[in-house]
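Here is a quick walk through one protein chain, written for someone who would rather be at the bench. Keep the structure open while you read.

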Amino acid sequence: MPDAVTTGARECKPLPTYYFHIQHADYVVPDPDGETFPDLDAAREEAGEALRELVARSRSNQPELPEAIEIRDAQGHLVAEVHIDAAIPQIARRNPDR
């Protein structure tokens, strides 16, 4: 069961769970576990950080960089995307046609 936010003596609704699917040019790596966040803005912020970490690790291990992270809700609906050029502005400057 997702974590719940408590305020004083009353309990609020559970925190939403978001799934970060890693989008590459030809395939998507699904996130089977998901993570709870207070809201979609917090999930977007975490997705940007996750992209920056993936790129830092990919430089030494793989030549292929992820293009984006798809943020999906518990029902599997796409609710946001964080593209690599938004998370890492230096990449946008190197690829002006994107």
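## Ground rules and surface

Accessible areas here come from the Shrake-Rupley method with a 1.4 Å probe, and for residues only the protein chains shown count as cover. On that basis, the chain exposes about 6,600 Å², with carbon and sulfur atoms supplying 49% of it.

Bear in mind that this is a predicted model: local features need pLDDT of at least 70, side-chain atom pairs count only at pLDDT 80 or more, and totals for chains, interfaces and linings use all residues. Residues are numbered from 1 along each chain as its sequence is written, and side-chain values use heavy atoms, with hydrogens and water left out.

## Overall layout

The chain has seven strands and three helices. These are DSSP runs numbered from the N terminus, with helices being H or I of at least four residues and strands being E of at least two. From start to end, the order is β-β-β-β-β-α-β-β-α-α.

How many of the residues are buried (under 20% relative accessible area, where over 50% is exposed and in between is partly exposed, using a 1.4 Å probe and protein chains only)? Of the 98 residues, 31% make the cut. As for contacts (heavy atoms within 4.5 Å), take those with a separation of 6 or more: 43% of them join residues 24 or more positions apart.

## Isoleucine 69

Have a look at isoleucine 69, which sits in strand E6 (residues 68–72). It counts as buried because its relative accessibility is 2%. Setting aside neighbours within four places in sequence, isoleucine 69 has contacts that include Phe20, His21, Ala47, Leu51 and Val82.

Alanine 50 is another of its contacts. The two residues are 19 apart along the chain, and their C-alpha atoms are separated by 8.5 Å.

## The largest pocket

Isoleucine 69 also helps to line the largest pocket. The search runs on a 1 Å grid over the protein atoms alone; a pocket is an open set of points where a 1.4 Å probe fits, with protein on both sides within 12 Å along at least five of seven lines, and lining residues have an atom within 4 Å of a point. The volume is about 180 Å³, meaning the space filled by probe spheres set on the points, with grid points joined across faces, edges and corners.

Which element gives the largest share of the lining? That would be H1, with five residues. Strand E3 (17–23) and helix H1 (40–61) each supply at least two. Among the lining residues are Tyr18, Phe20, Ile22, Glu46, Ala50, Leu54 and Arg57.

By class, the lining has six nonpolar, five charged and one polar. In this scheme Ala, Val, Leu, Ile, Met, Phe, Trp, Tyr, Cys and Pro count as nonpolar, Asp, Glu, Lys and Arg as charged, and the others, Gly among them, as polar.

## Salt bridges

The structure holds three salt bridges, each being a side-chain nitrogen of Lys or Arg within 4 Å of a carboxyl oxygen of Asp or Glu. One joins arginine 44 to aspartate 41, with the closest N and O atoms 3.0 Å apart. Both residues lie in helix H1, three residues apart, about one turn of the helix. Aspartate 41 is exposed, at 53% relative accessible area, whereas arginine 44 is partly exposed at 35%.

Another salt bridge pairs glutamate 49 with arginine 52 at 3.4 Å, N to O. This pair also lies in helix H1, three residues apart. Glutamate 49 is partly exposed at 33%, and arginine 52 is partly exposed at 32%.

Then there is glutamate 70 with arginine 72, at 3.2 Å, N to O. Is each partner buried or partly exposed? Glutamate 70 is buried, at 9%, while arginine 72 is partly exposed, at 21%.

## The loop between H1 and E6

Proline 66 is found in the loop between H1 and E6, and it counts as buried because its relative accessible area is 3%. Not counting residues up to four places away in sequence, proline 66 touches Ile22, Gln23, His24, Leu51, Leu54, Ser58 and Ile84. Isoleucine 84 is 18 residues away along the chain, with 7.2 Å between the C-alpha atoms.

Leucine 65 lies in that loop too, and is partly exposed at 29% relative accessibility. Leucine 65 and leucine 51 are 14 residues apart in sequence and 9.3 Å apart in space, C-alpha to C-alpha.
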